[in-house]
Amino acid sequence: GSVNITSTATWTAQPGVHNITVIGDVFNSFEELDETNNVNIVNFNVLERPKINNITVSPPFPNINTDVNVTANVTDDGQIIYVTLSYSFDGVNFTNVTMLAGSPFSAVIPGQPVTTLVGFYIAATDNDNLTTISSLQTFIMDDLPPTFGQPKIDPQFPNSTTDVNIFAGIRDNVAVANSSLF
C-alpha cells in the first residue's frame, strides 16, 4: 500500500531564486531498498514587482489654472514596460495618462479654473506583467490665500510671572492644516 501525507508551511516570499527541499523518512525510520530517493528539491523564482517611490507634485500648492507636474521614481529588477498616472477632479472618474520615462518618470495634471481637490495614483507594470499601484495622493488647486485676524493676548497686560494665552485666527476657503505661533 501507499500513504499520502501533506506538509504545509507558511513563508513570506522574498524576490529571487529559492529552493524547497522535501525529505521523506528524514530519520530513516523505515528500511527501504533505495534510501537515496527520499529527497525532492524544487527550484522556483519569486518575481519582484515594480517599486514606486518619491512621488512629488510641483508646485506643491498650485493656484487654479496651474498645471501640476507629478514625478515618481520607478524601479524594477527587470524592465519597466509602462507607468500610468490616473487623476480625478471628482473622486469618481479618473483620466489615465502615460508618464514620460526618465529618472524620475513624469506627467502633467492640467490646471482647473475653480478650487478643486485633485486625487491621483500611479501604476507601474514590468516585463513580468506585474503591476504596482501607489496609494491615492491628493492636493488642492486654490488661488485664495488664507486671511489672518489680529492676534490677541490674555491677559491684555501681563506681568513677568503671568502665563499668557495668545489667540490668532486663520480663515481659508478650503482648510487650514496647521498653524504655529513664533
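Ser-106 is located in strand β7, where strands are DSSP runs of E of at least two residues, numbered from the N terminus. The model is predicted: local features require pLDDT of at least 70 and side-chain atom pairs count only at pLDDT 80 or more, while totals for chains, interfaces and linings use all residues. Residues are numbered from 1 along each chain as its sequence is written, and side-chain values use heavy atoms, with hydrogens and water left out.

Ser-106 counts as buried because its relative accessibility is 17% (buried, under 20% relative accessible area; exposed, over 50%; partly exposed, in between; 1.4 Å probe, protein chains only). Leaving aside residues up to four places away in sequence, Ser-106 touches Asn-69, Val-70, Thr-71, Met-99 and Leu-100, a contact being heavy atoms within 4.5 Å. Thr-84, in strand β5 (residues 80-88), is likewise buried, with a relative accessibility of 17%. With the same sequence exclusion of up to four places, the contacts of Thr-84 are Asn-96, Val-97, Met-99, Tyr-121, Ile-122 and Ala-123.

The largest nonpolar core contains 19 residues; such a core is a set of buried Ala, Val, Leu, Ile, Met, Phe, Trp, Tyr and Cys residues joined through side-chain atoms within 4.5 Å. Val-70, Leu-85, Met-99, Ile-109, Phe-120, Ile-122 and Phe-139 touch the most other members. Two or more residues of this core come from each of β3 (51-58), β4 (68-75), β5, β7 (105-109), β8 (116-126) and β10 (137-141). In soluble globular proteins, nonpolar side chains tend to be buried together. Ile-109 has contacts with Asp-67, Val-68, Val-70, Leu-85, Tyr-87, Phe-89, Val-118, Phe-120, Phe-139 and Met-141, residues up to four places away in sequence not being counted.

Gly-91 occupies the loop between β5 and β6 (95-98) and is exposed, at 59% relative accessibility. The C-alpha atoms of Gly-91 and Val-118 lie 7.7 Å apart in space, with the two positions 27 residues apart in sequence numbering.

On the surface, Ile-23, Val-26, Phe-27, Val-39 and Ile-41 make a nonpolar patch of about 530 Å². Patches consist of residues with over 30% relative accessible area and no salt bridge, with like charges joined within 9 Å and nonpolar side chains (Val, Leu, Ile, Met, Phe, Trp, Tyr) within 5 Å; accessible areas come from the Shrake-Rupley method with a 1.4 Å probe, and for residues only the protein chains shown count as cover. Val-26 sits in the loop between β1 (16-23) and β2 (39-46) and is partly exposed, at 49% relative accessibility.

Four aromatic pairs were found in a search of the whole structure. Among them, Trp-11 and Phe-44 are edge-to-face, at 6.1 Å centre to centre and 85° between the planes (ring centres of Phe, Tyr and Trp, its six-membered ring, within 6.5 Å; planes under 30 degrees apart stacked, over 60 edge-to-face, the rest tilted). This pair links distant parts of the chain, with Trp-11 in the segment before β1 and Phe-44 in strand β2, 33 residues apart. Trp-11 is partly exposed at 46% relative accessibility, and Phe-44 is partly exposed at 27%.

The count of salt bridges is one, a salt bridge being a side-chain nitrogen of Lys or Arg within 4 Å of a carboxyl oxygen of Asp or Glu. The side chains of Lys-51 and Glu-48 form this bridge, at 2.8 Å from N to O. Lys-51 is partly exposed, with 42% relative accessibility, whereas Glu-48 is buried, with a relative accessible area of 17%.

Definitions and conventions. Helices (H or I, at least four residues) and strands (E, at least two) are DSSP runs, numbered from the N terminus.
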